[in-house]
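Visitor: Hi, I'm new to reading protein structures. Could you walk me through this one?
Guide: Sure, let's bring it up.

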Amino acid sequence: MHQLQVFLTSHAPDGLLPWGAQEESAERFGLTLHQVEEAALAAGILPARYQRNGKTLSVEQQYKLFKSRVAVMGCGGLGGYILEELARLGVGDIVAVDFDVFEEHNLNRQLLSCPDEIGRLKVDAAAERVAKINPAVKFTAFSEAFATENGPVILEGVQVAVDALDSVGARLALVAVCKELKLPFVHGAICGWYGQVATQYPGDGTVEKLYRSCTEDKGMEKIYGNPSFTPAVIASLQVAEVCKVLLDQGKTLRNRVFYLNLLDMELEELQL
């Protein structure tokens, strides 16, 4: 490992390690790109791909993100953007859960979908996308529906779960498992021009209150649909919340819900 550190330091005279040097390190020392990135960050060297993070996050915080494991429930409208942003942010270990395949009606808004992907498992497309944009990220895919029975296995070792689900039943199952495992999770939901975001810690009960009067398993998307921009906005807010939870920084949406009306550009905050 000493030789690796010498190599990394010599190839990052300005404190930034170019991607080519990461690849060369992996090949020379028989390591994965994940292992090389971990060694660089542990030594206080910032991979150059994160240099625009550097004005916002310290190297120590970047290292903490890299050492984090985040689970994303759903790889569709919200989930595709969430996975993309987590990988680009530098979260080093990502879990994705989705049993579904792409259909034609997904093409208007789901980042991972395209015509030649119709019929393909969403988690397979997610794995390919993450590997393409950040090969240093570990990625684990579960091509199954999230439920209380498989939840503890899916969320093993996870620090934060992210709700990108479109089923009330699955969402409440996520609430129950996160409560059992004492995990925080970030909730997001969309319909038409509207969306909501909240961050819940064990025992808060925020999401249970939001859905206690719900009689339909599917959300309002069935009625109002979803354009391309709504999932992008809500997913970005969710990723910001994940980042704050992992780094214990800033003020999260704990015990409060942000409602966004993109049609009239109005924001309403509900305290719970």
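Visitor: Let's start with one residue: is valine 245 buried or exposed?
Guide: Valine 245 is buried, with a relative accessible area of 13%. Buried means under 20% relative accessible area, exposed means over 50%, and partly exposed is in between, using a 1.4 Å probe and protein chains only.

Visitor: Before I go on, what kind of model is this?
Guide: This is a predicted model, where local features need pLDDT of at least 70, side-chain atom pairs count only at pLDDT 80 or more, and totals for chains, interfaces and linings use all residues. Residues are numbered from 1 along each chain as its sequence is written, and side-chain values use heavy atoms, with hydrogens and water left out.

Visitor: OK, back to valine 245. Where is it found, and what does it touch?
Guide: Valine 245 is found in helix α11. Leaving out residues up to four places away in sequence, valine 245 touches Val160, Pro184, Thr199, Tyr201 and Thr252. Contact means heavy atoms within 4.5 Å. Helices (H or I, at least four residues) and strands (E, at least two) are DSSP runs, numbered from the N terminus.

Visitor: What about the sheet, what order do its strands come in?
Guide: It's an open sheet of eight strands with mixed pairing, and the order is β5-β4-β3-β6-β7-β8-β9-β10. The edge strands are β5 (138-142) and β10 (266-271), each pairing on one side only. Two strands pair if DSSP finds at least two bridges between them. From one strand to the next, the twist averages 15 degrees.

Visitor: Which strands does α11 touch?
Guide: Helix α11 (residues 229-247) packs on the sheet and touches β3 (69-73), β6 (160-163), β7 (185-191), β8 (194-200) and β9 (256-261). The direction of α11 makes about 170 degrees with that of β7. For angles like that, axes are lines fitted to C-alpha atoms, for helices over the stretch in contact, and angles run from 0 to 180 degrees between N-to-C directions.

Visitor: Do β4 and β5 run parallel or antiparallel?
Guide: They run parallel, with five bridges joining β4 (residues 93-97) to β5. One pair to look for is aspartate 93, whose bridge partner in β5 is lysine 138.

Visitor: And the other edge, how many bridges join β9 to β10?
Guide: Six bridges join β9 to β10, and these two run antiparallel. For example, valine 257 has leucine 270 as its bridge partner in β10. The two strands form a hairpin with four residues between them, and methionine 265 in the turn has a positive phi of about 50 degrees.

Visitor: Is methionine 265 buried or exposed?
Guide: Exposed, with a relative accessible area of 68%. As for β10, zero of its six residues are buried, so it lies largely in the open.

Visitor: New topic: which residues in α4 are buried?
Guide: In helix α4 (residues 59-66), the buried ones are Gln61, Gln62, Leu65 and Phe66. Seen down the axis of α4, they fall within an arc of 145 degrees, so they line one face of the helix. That arc is the one of the directions from the helix axis to the C-beta atoms.

Visitor: Last one: how many disulfides are there?
Guide: Zero, in a search of the whole structure. A disulfide is a pair of cysteine sulfur atoms within 2.5 Å. For cysteine 178, the nearest cysteine sulfur, that of cysteine 75, is 16 Å away.
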